[in-house]
Amino acid sequence: MRLDTITLPVTQYPLLQQPSVLSSSGGRLDIDLTVSAGKVQGPFGITFNSRLYNNAYPAPTIRCRAGDTVWVKLNNVSQDNNATRESEMSLNELHHPNSTNLHLHGMHISSEGRQENVVLTVDPGFSFQYVYEITPEHHSGTSYYHPHLHGSTNLQVHGLMAGAFIVGDDPKISPQELLAMDDLVVIVQGIYLGNSEAF
Ligand SMILES: [Cu+2]
């Protein structure tokens, strides 16, 4: 099999842009994530309407340390759901496209109450205050956050609702060489542009 080399005109593409960063200080971070309709301008002249966190893609990077408490108020200001056929839909079929919730993918935290609770629903017009207690023993590393409401997860994640969630290295136990390095965030997402009927 022969693999052709495709040469893309590099100058047409901007350098890697970093999402904005929301960092904890003094053991605490208190932020708002607002979900609303927004326009995505992708490569190759592709533009489409989607749902975004804080009208940005990738969404802002959330940065904290082990032992922190992270308050995230999720505000859903999307339009009402189209109620058509929703009562007939099963759990994992596409339904309630503008309802959402928040999942911290890769984090080791409680799945109850106001923490990593993916059975919560935040409907359009409502807010929910998440409070994540990051244990002092939590590993450092890069995780990510995204919606996890069954029925709308696929639509929303593939519409570019995702952001990095970084637990920074512990300065007491990490080599200086690592602490001196910057974190560059790259989020790779598949974009679904199929016909989604009324949604
Ligand atoms: Cu996930």
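Me: In what order do the elements of the protein run from the N terminus on?
Reply: This is a predicted model, where local features need pLDDT of at least 70, side-chain atom pairs count only at pLDDT 80 or more, and totals for chains, interfaces and linings use all residues. Residues are numbered from 1 along each chain as its sequence is written. Helices (H or I, at least four residues) and strands (E, at least two) are DSSP runs, numbered from the N terminus. There are two helices and nine strands, and the order is β-β-β-β-β-β-β-β-α-β-α.

Me: What is the strand order of the open sheet of four strands?
Reply: Strands count as paired if DSSP finds at least two bridges between them. The pairing in this sheet is mixed. Its edge strands, each pairing on one side only, are β3 (47-53) and β7 (126-133). The order is β3-β2-β5-β7.

Me: By how much are neighbouring strands of this sheet turned against each other on average?
Reply: Axes here are lines fitted to C-alpha atoms, for helices over the stretch in contact, and angles run from 0 to 180 degrees between N-to-C directions. For this average, direction is ignored. The value is 20°.

Me: Which residue of β5 is the bridge partner of Asp-30?
Reply: Strands of a sheet pair through backbone hydrogen bonds, either parallel or antiparallel. β2 (residues 28-41) and β5 (residues 69-76) take the parallel sense, over eight bridges. Within β5, Lys-73 stands opposite Asp-32. The partner of Asp-30 is Trp-71.

Me: Which residue of β7 stands opposite Val-72?
Reply: β5 also pairs with β7, in the antiparallel sense over eight bridges. Opposite Val-72 stands Tyr-130.

Me: Which residues form the covered face of β5?
Reply: A residue is buried if 20 or more other C-beta atoms lie within 10 Å of its own, exposed if 12 or fewer, and partly exposed in between, with C-beta atoms placed from the backbone. The uncovered face of β5 holds Thr-69, Trp-71, Lys-73 and Asn-75. The covered face holds Val-70, Val-72, Leu-74 and Asn-76.

Me: What share of the residues of the protein count as buried?
Reply: The protein has 199 residues. The buried share is 27%.

Me: Which strand gives the largest share of the largest nonpolar core?
Reply: A nonpolar core is a set of buried Ala, Val, Leu, Ile, Met, Phe, Trp, Tyr and Cys residues joined through C-beta atoms within 7 Å. The largest one has 29 residues, of which Val-70, Leu-74, Tyr-145, Met-161, Ala-162 and Phe-165 touch the most other members. At least two residues each come from β2, β3, β4 (61-64), β5, β7, β8 (141-146) and β9 (163-167). The largest share, four residues, comes from β9.

Me: How many residues of β9 are buried?
Reply: Both faces of β9 are covered. Gly-163, Phe-165 and Val-167 lie on one side, with Ala-164 and Ile-166 on the other. The buried count is five of five.

Me: Which residue of β9 is the bridge partner of Tyr-144?
Reply: β9 pairs with β4 in the parallel sense over three bridges, and Cys-64 has Val-167 as its partner there. β8 and β9 pair in the antiparallel sense over five bridges. The partner of Tyr-144 is Ala-164.

Me: Which residues does Ala-162 touch, not counting those up to four places away in sequence?
Reply: Two residues are in contact if their C-beta atoms, placed from the backbone, lie within 7 Å. Ala-162 is one of the core residues that touch the most other members. Its contacts are Pro-58, Ala-59, Tyr-144, Tyr-145, His-146, Val-157, Ile-187 and Gln-189.

Me: What is the omega of the peptide bond from Tyr-57 to Pro-58?
Reply: Pro-58 sits in the loop between β3 and β4. The bond is cis. Its omega is near -5°.

Me: Is Leu-160 buried or exposed?
Reply: Leu-160 lies in the loop between α1 (153-157) and β9. Its phi is positive, about 90°, although it is not a glycine. With 24 other C-beta atoms within 10 Å, Leu-160 is buried.

Me: Why does His-96 count as buried?
Reply: His-96 is found in the loop between β5 and β6 (103-105). Its phi is near 45°, a positive value in a residue other than glycine. His-96 counts as buried because its C-beta neighbours inside 10 Å number 20.
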